[in-house]
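Here are some short exercises to work through with the model open beside you. Try each task before reading its solution.

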Amino acid sequence: MSGTRVNSPDASIYDGKEGHDLEKAKNDRNDIDIYDPNRPRFNLSRRIVHFTWAWFTLSMSTGGLALLIYAQPHQFPGLRQIGFVVYIANILIFAGIVVAMTMRFVLHKGTFTSSITHSREAFFVPTIFLAIATIITGTQRYAISEGSTSTEFISALFWGYVAASLFVAIAQYSYVFKTHDLGLHTMMPTWILPIFPIMLSGTIASVIAETQPQMNAVPIIVVGLTCQGLGLFVAFMMYAHMVGRLMSRGMPNREHRAGLFMNVGPPAFTALAVIGMANSIPDNFDINKGMILDMTIIRPIAVVAAIFLWALSLWWLGIALVSVILSPPRYFHLNWWAMAFPNTGFILATISIGNELQHEVIRWLASGMSICLVLTYCFVLYSLVRAVIVQDIMYPGRDEDVLDGTDT
């Protein structure tokens, strides 16, 4: 399939500061304008080949919504039940996406290898692990109680997740470093995605450690903190490239601007994780034979660090929001889910900070932001369903599997 300018990194920086009107892009059949409303319609077997890894952004956003409902500071009767329904729905969505991806790889030989080595789609492979992370934390919140025998099962899931996500973080970046020649002017927030799953190990640890026995909780917290730090520092390195790209080339093409919300995630989820892990450390934890951690010091430090990180997330949220408002996308893309999942982490961090400070205004602010997030989720979900029906996605040249011309 030939590359299309609109979906390429080159397109994302072309006329970076002004003029984001899309040119007509052609797919592998040059007689078809893929942006023509009257273009030919294809059957499912033809379209399934364009069912990309980016679909897991739907699952991770749904799972994040379930967690946000559970964490609401102002509960009302039935809210947790609604959250449980969303949690179950996420499991079903995840299973459905796995089935569809399997169909793609079975019906169209060679697409698995091409998808995990593609210079654009491959960056979305880690989203399957982000979706799994929301399922693990959702299971802890909605299905596991303290003292339950299932805590061992959750602990095993955590260690398996850490091993798999660390492998992805090392293997995918190593492959990119070795095989791709990506100019910094093509930098997009998706470059952060391979490190995102290992970073969420800390978020998972902050959720599950509180119900684990001390002998299990302490290693989980230590490893969670280590993974969270790794993810955050790699994200900071990526931020340097992102800011340099924005300063030199301007905002991305309007079709890619929603992806800027991905930058909100790393500091937000780290703020959430730091507070959660600090609160999960046992009060009488003996770190080194007589040197007992003073929780009256550790927990306030965690809150201060969380506030610092929250401010960085707020800045990225403002940048992304302004860029989208100034030039909203014309066509639906799965990167619209970046307006949901990373912002979920931002709101959860806000709730945690409000709870630690016992500040009701912050809690109500978080509740208001939660309503906005729910509305955003519903809007993106509606847009996704519509795009599938009218064949704006899962169509040749319209998805993340478009060659971007940066492969060596």
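## Exercise 1: An enclosed space

**Task.** Which residues lie nearest the centre of the second largest cavity?

**Solution.** Remember as you look that this is a predicted model.

- Start with the lining: 13 residues surround the second largest cavity, and Met60, Leu193, Met262, Ala338 and Pro342 are the ones nearest its centre.
- Next, turn to the helices. Both α3 (56-70) and α12 (341-357) contribute at least two residues to this lining.
- Then sort the lining by character: 11 residues are nonpolar, two are polar and none is charged.
- Finally, put the cavity in context. Its volume is about 90 Å³, and the structure contains four cavities of 30 Å³ or more.

## Exercise 2: The overall build

**Task.** Find how many helices and strands the chain has, and how much of the chain is buried.

**Solution.**

- Count the elements: there are 13 helices and zero strands.
- Now consider burial. With a cut-off of under 20% relative accessible area, 57% of the 408 residues are buried.
- Look at the contacts with a separation of 6 or more: 82% of them join residues 24 or more positions apart.
- Last comes the surface. The chain exposes about 17500 Å², and 69% of that is supplied by carbon and sulfur atoms.

## Exercise 3: The largest pocket

**Task.** Which helix gives the most to the lining of the largest pocket?

**Solution.**

- Begin with the volume, about 560 Å³.
- List the lining next. It has 27 residues, with Ala71, Arg141, Val207, Leu272 and Ser352 nearest the centre of the pocket.
- Check the helices that take part: α3, α6 (127-143), α8 (196-208), α10 (265-280) and α12 each provide at least two lining residues.
- Among the helices, α12 gives the most, with seven residues.
- To finish, classify the lining of the largest pocket: 13 residues are nonpolar, 11 are polar and three are charged.

## Exercise 4: Two helices compared with expectation

**Task.** For α3 and then α8, set the end-to-end distance beside the expected span, and work out how enclosed each helix is.

**Solution.**

- Take α3 first. Its 15 residues reach 22 Å from first C-alpha to last, close to the 21 Å expected at 1.5 Å a residue.
- Of those 15 residues, 14 are buried, so α3 is largely enclosed by the rest of the structure.
- Repeat this for α8. Its 13 residues should span 18 Å at 1.5 Å a residue, and the 19 Å between its end C-alpha atoms agrees with that.
- In α8, 13 of the 13 residues are buried, so this helix too is largely enclosed by the rest of the structure.

## Exercise 5: Two serines

**Task.** Are Ser370 and Ser313 buried or exposed, and which residues does each one contact beyond four places in sequence?

**Solution.**

- Locate Ser370 in helix α13 (residues 360-389).
- Ser370 counts as buried because its relative accessibility is 5%, with the cut-off at under 20%.
- Leaving out neighbours within four places in sequence, Ser370 contacts Leu68, Gln72 and Ile347.
- Consider the pair Ser370 and Gln72: 298 residues separate them in sequence, yet their C-alpha atoms are 8.2 Å apart.
- Move on to Ser313, which sits in helix α11 (residues 295-326).
- Ser313 has 0% relative accessibility and therefore counts as buried.
- Beyond four places in sequence, Ser313 touches Val264, Pro267, Ala268 and Phe346.

Methods:
Residues numbered from 1 in each chain as written. Predicted model: local features only at pLDDT ≥ 70, side-chain atom pairs only at ≥ 80, totals over all residues. Heavy atoms only, no water. 1 Å grid on protein atoms, 1.4 Å probe; cavity = no way out; pocket = protein on both sides within 12 Å on 5 of 7 lines; lining within 4 Å. Points joined across faces, edges and corners; volume = space filled by probe spheres on them. Helix = DSSP H or I, 4+ residues; strand = E, 2+ residues; numbered from the N terminus. Nonpolar A, V, L, I, M, F, W, Y, C, P; charged D, E, K, R; others polar. Buried < 20%, exposed > 50% of the residue type's maximum accessible area, 1.4 Å probe, protein only. Contact = heavy atoms within 4.5 Å. Areas by Shrake-Rupley, 256 points an atom, 1.4 Å probe, with all protein chains shown as cover. Expected span 1.5 Å × (residues − 1).
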